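Me: I am new to this structure and would like a close look at one part of it. Could you walk me through the salt bridges and what surrounds them?

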Amino acid sequence: MNRADHDHQREERRARRKSVDVVTEVTDVITGLTMGQIGNLSGTGMLLIGPMAPRSEAIYQLRLPLTDTSGSSHHIEVGVQEQWHEHAASADQFWAGYRIIAITEESEVKLQAWLALPA
């Protein structure tokens, strides 16, 4: 994907993304492997920074921890589909954008509560 397409994709986002200030590792539920760390997250998608490029348009089931104001971590699981990926500044890292395609009602409530917290 070229930069113009990537910028256009950013303009099409429907939900505001919230940056994650702490290291938040995301796990592939099927393989148990770490997919990367969350760069930002919204109710409809996320940016991950990871050591491997995902497969184009692949679907993954991911588990991610969300920390509340008391410091407690709550895990949610989401089904996502890869939308784009590119090399990050570091040669051994990739940025990848995912669209959330499946989430349980319980996880949705936890995600929305986390998104509502002050940045």
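Reply: Here is a tour of the salt bridges, followed by the strands and the core around them.

Please keep in mind that this is a predicted model. Mean pLDDT for the protein chain is 86, with 84% of the residues at 70 or more. Confidence peaks in strand β7, at 97, and is lowest in helix α1 (residues 3–11), where the mean is 44. Over residues 1–13 the pLDDT stays under 50, and the model has 10 contacts beyond four places in sequence for that stretch.

Now to the salt bridges. How many does a search of the whole structure find? There are 2. Side chains of opposite charge can pair when their charged atoms come close.

Let us take Arg-63 and Glu-77 to begin with. Their closest N and O atoms are 3.0 Å apart, and the two form a salt bridge. This pair links distant parts of the chain, since Arg-63 belongs to strand β5 (residues 59–67) and Glu-77 to strand β6 (residues 73–87), 14 residues apart. Are these two residues buried or exposed? Arg-63 has 31% relative accessibility, so it counts as partly exposed. Glu-77, at 28%, is partly exposed too.

The other salt bridge joins Glu-106 to Lys-110, with 3.5 Å between the closest N and O atoms. Both of these residues sit in helix α2 (residues 105–116), where 4 residues, or about one turn of the helix, separate them. Glu-106 counts as exposed because its relative accessibility is 55%, while Lys-110, at 29%, counts as partly exposed.

Is there a residue that brings the two stories together? Have a look at Ser-107, which also lies in helix α2. Its side chain reaches the backbone nitrogen of Glu-77 at 3.5 Å. Leaving aside residues up to four places away in sequence, Ser-107 touches Ile-76 and Glu-77. With a relative accessibility of 8%, Ser-107 falls under the 20% limit and therefore counts as buried. Glu-77 thus has a salt bridge to Arg-63 and a contact with Ser-107 of the helix.

From here you can step into the nonpolar interior. The largest nonpolar core has 21 residues, and Met-46, Leu-62 and Leu-64 have the most contacts inside it. Two or more residues come from each of β3 (34–41), β4 (45–50), β5, β6, β7 (94–103) and α2. Strand β5 gives the most, with 4 residues. Leu-64 makes a good viewpoint: not counting residues up to four places away in sequence, it touches Val-26, Ile-38, Leu-41, Met-46, His-74, His-75, Ile-76 and Val-78. Ile-76, one of these, is also touched by Ser-107.

Finally, see how the strands are paired. Strands β6 and β7 run antiparallel and are joined by 9 bridges; they form a hairpin, with 6 residues between them. Within this pairing, Val-80 stands opposite Ile-100 in β7. Strand β7 also pairs with β4, again in the antiparallel sense, over 6 bridges. There, Leu-47 has Gly-97 of β7 as its bridge partner.

To retrace the path, begin at Arg-63 in β5, cross to Glu-77 in β6, and go on to Ser-107, which lies in helix α2. That helix also holds Glu-106 and Lys-110.

Definitions and conventions:
Residues are numbered from 1 along each chain as its sequence is written. This is a predicted model: local features need pLDDT of at least 70, side-chain atom pairs count only at pLDDT 80 or more; totals for chains, interfaces and linings use all residues. Side-chain values use heavy atoms; hydrogens and water are left out. A salt bridge is a side-chain nitrogen of Lys or Arg within 4 Å of a carboxyl oxygen of Asp or Glu. Buried means under 20% relative accessible area, exposed over 50%, partly exposed in between (1.4 Å probe, protein chains only). A polar contact is a pair of N or O atoms within 3.5 Å; within protein, one must be able to donate a hydrogen and the other to accept it, and residues adjacent in sequence count only if both atoms are side-chain atoms. Contact means heavy atoms within 4.5 Å. A nonpolar core is a set of buried Ala, Val, Leu, Ile, Met, Phe, Trp, Tyr and Cys residues joined through side-chain atoms within 4.5 Å. pLDDT is the predictor's confidence in each residue, from 0 to 100. Two strands pair if DSSP finds at least two bridges between them.
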